Amino acid sequence: MVSIVLVSHSKELAAAVKALADQQTQNRTPIVTAAGIDDAQQPFGTDPLEIVEAIRSVLSADGVLVLMDLGSAVMSATVAMDLLEPGQAAVVQLVAAP
């Protein structure tokens, strides 16, 4: 089964989208988030290393669909792809989906 990684600048937004998607898929699809950054002053952003960890946590032979919310999330996900092993990256598809 294809897994999903939700990449968002907002932890709260990603959690809400995940909750909705989990409900729609009846929790049959592995869905994880990589959202926000650990900065109390400015919590909005994305972290390529967190995206790599999220992808690896749901990686399967069926693949991973990475959905990103804004332009810099696309850049972070692209960097994350460069950090994956070639065999891992081969089954990952990036989709800009605000």
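Here's a quick tour of the sheet, the helices around it, the salt bridges and a surface patch. Keep in mind that this is a predicted model. At its heart for this briefing is an open sheet of four strands, arranged in the order 2-1-3-4 with parallel pairing. A search of the whole structure also turns up two salt bridges.

**The sheet**
- Four strands make up the open sheet, and they pair in the parallel sense.
- The edges belong to strand 2 (31-35) and strand 4 (92-96), each of which pairs on one side only.
- From one strand to the next, the twist averages 20°.
- Strand 1 (residues 3-8) runs parallel to strand 3 (residues 64-68), and five bridges join the two.
- If you want to trace that pairing by eye, V5 has V66 as its bridge partner in strand 3, and S3 stands opposite V64.
- Strand 3 also pairs with strand 4, again over five bridges and in the parallel sense; here V64 stands opposite V92.
- Strand 3 has two faces: V64, V66 and M68 sit on the covered one, while L65 and L67 sit on the uncovered one.

**Helices on the sheet**
- Helix 1 (residues 11-25) packs on the sheet and touches strand 1 and strand 2. Its direction makes about 170° with that of strand 2.
- Helix 2 (residues 48-58) packs on the sheet too, touching strand 1, strand 2, strand 3 and strand 4. The angle between its direction and that of strand 2 is about 175°.

**Salt bridges**
- One salt bridge brings together the side chains of D38 and K11, at 3.3 Å from N to O.
- That pair links distant parts of the chain: D38 is in the loop between strand 2 and helix 2, K11 is in helix 1, and they are 27 residues apart.
- D38 counts as exposed because its relative accessibility is 77%, whereas K11 is partly exposed at 41%.
- The other pairs K18 with D22, whose closest N and O atoms are 2.6 Å apart.
- Both K18 and D22 lie in helix 1, four residues apart, which is about one turn of the helix.
- K18 has 25% relative accessibility, so it counts as partly exposed, while D22 is buried at 13%.

**A nonpolar surface patch**
- L49, V79 and L83 form a nonpolar patch on the surface, and together they have about 250 Å² of accessible area.
- V79 belongs to helix 3 (residues 71-83).
- With a relative accessibility of 39%, V79 counts as partly exposed.

Conventions:
Residues are numbered from 1 along each chain as its sequence is written. This is a predicted model: local features need pLDDT of at least 70, side-chain atom pairs count only at pLDDT 80 or more; totals for chains, interfaces and linings use all residues. Side-chain values use heavy atoms; hydrogens and water are left out. Patches are made of residues with over 30% relative accessible area and no salt bridge: like charges are joined within 9 Å, nonpolar side chains (Val, Leu, Ile, Met, Phe, Trp, Tyr) within 5 Å. Accessible areas come from the Shrake-Rupley method with a 1.4 Å probe; for residues, only the protein chains shown count as cover. A salt bridge is a side-chain nitrogen of Lys or Arg within 4 Å of a carboxyl oxygen of Asp or Glu. Buried means under 20% relative accessible area, exposed over 50%, partly exposed in between (1.4 Å probe, protein chains only). Two strands pair if DSSP finds at least two bridges between them. Axes are lines fitted to C-alpha atoms, for helices over the stretch in contact, and angles run from 0 to 180 degrees between N-to-C directions. Contact means heavy atoms within 4.5 Å.
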